[in-house]
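Here is a friendly walk through how the strands and helices of this chain are put together. Keep the 3D view open beside you as you read.

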Amino acid sequence: MTYRLNSSEDYQKLIDNYDTWFFDCDGVLWRGDNLIDGVAEVLDILRQRRIKVELDEIYGAAYASAVYLSSVLKLPKHKKAYVIGMAGLEEELREEGISFLGGTDPQDNTLEPFDLTKFTADPDVAAVVCGGDTQINYTKLSKAFRYLYTNPECHWVVTNEDSTFPSPGGILPGAGSLFAPLRYALDRNPSLTLFHRSQRLQRLRINFDPSRTIMVGDRLNTDILFGQNGGLSTLVVFTGITTEDEIFGPYPSPIVPNYATKALGDLRLSQSSQG
């Protein structure tokens, strides 16, 4: 059963019980370009308890995917990835020394009909990497499909499987929705999810005690499940995708977080228990 945090004592106890905090970002810390109310103050409260956040402790899904290709799959230097994604994913691949096709290439960002008779597959493509892509089109999906369909050894990596994401104006389709046509056409799932990758990435080694660690997220089937699969406690907030009815309604989700609160900013109430 999920415990709903209500009082200043609840929030103070929560902060006392955990030394390491993992946060999903969009829907928890911010929505679009807007910081969610109270987040800065809560992070300051955690920093005062020596829970610090440094730049090299922030791990994005695109970074994790690039490191997975380079450090876990050990993609040979002469091999390439075909990208459904944007500049941020390309930047992470570039940092890992991974060559790529597609992505922001103008040739692939077209609404012209895809002509398979004019497509020559690059024999060095050994992986297809899918992320959020606001320029998704039939050409990108077709090329990705061909690489995966014709080469059983081609890896399929996705940055995340979120079906939707919260934008300032409302909920929009997420990365998981964008590559869903590939899943349907290929009748297969991506080889590994972000959770499975993060357990194996040597570059993401962090010294922490799982019993003193909590994952904070706004989505049950990704953020909260991520924490549960890693043996962590979990806290869901209602500033993104998940609604209170999914937790406390008549037909609750089978994914049950340990704690729930309306917003991360509610943790500011912990200060009133000291004053």
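In this predicted model, isoleucine 214 faces serine 233 of strand 12. Strand 11 (residues 213–217) and strand 12 (residues 233–237) run parallel and are joined by four bridges. Both belong to an open sheet of five strands, whose order is 1-13-12-11-2 and whose pairing is parallel. At the edges of that sheet you will find strand 1 (3–4) and strand 2 (20–23), each of which pairs on one side only.

Now turn to another open sheet, this one with four strands in the order 6-5-7-8 and again with parallel pairing. Why is one side of strand 6 and of strand 8 left without a neighbour in the sheet? Strand 6 (99–102) and strand 8 stand at the edges with a single partner strand each, so one side of each has no neighbour there. From one strand to the next, the twist averages 30 degrees.

Within this sheet, strand 7 (residues 125–130) runs parallel to strand 8 (residues 155–158), and four bridges hold the pair together. Here valine 128 has tryptophan 156 of strand 8 opposite. As background, side chains in a regular strand alternate between the two faces of the sheet. Between the two strands, the chain passes through helix 5 (residues 138–150), and strand 7, helix 5 and strand 8 together make a right-handed β-α-β unit.

The two parallel strand pairs described so far can be set side by side:

| Strand pair | Bridges | Facing residues |
|---|---|---|
| Strand 7 and strand 8 | Four | Valine 128 and tryptophan 156 |
| Strand 11 and strand 12 | Four | Isoleucine 214 and serine 233 |

Next come the helices that lie against the four-stranded sheet. Helix 3 lies across strand 7 and strand 8, at about 155 degrees to strand 8. Helix 4 packs on the sheet too, where it touches strand 5 (80–84), strand 6 and strand 7, and its direction makes about 155 degrees with that of strand 6.

How do helix 3 and helix 4 cross, and at roughly what angle? The axes of helix 3 (residues 61–72) and helix 4 (residues 87–95) come within 8 Å and cross at roughly 35 degrees. This crossing is right-handed. Helix 3 brings Ala62, Tyr63, Ala66 and Leu69 to the contact, while helix 4 brings Leu89, Glu92 and Leu93. By class, that gives six nonpolar residues, no polar ones and one charged residue.

Definitions and conventions. Residues numbered from 1 in each chain as written. Predicted model: local features only at pLDDT ≥ 70, side-chain atom pairs only at ≥ 80, totals over all residues. Heavy atoms only, no water. Axes fitted to C-alpha atoms, helices over the stretch in contact; angles between N-to-C directions. Left-handed = near helix turned anticlockwise from the far one by under 90°. Contact = heavy atoms within 4.5 Å. Nonpolar A, V, L, I, M, F, W, Y, C, P; charged D, E, K, R; others polar. Pairing = 2+ DSSP bridges. Right-handed = clockwise from strand over helix to strand, strands pointing away.
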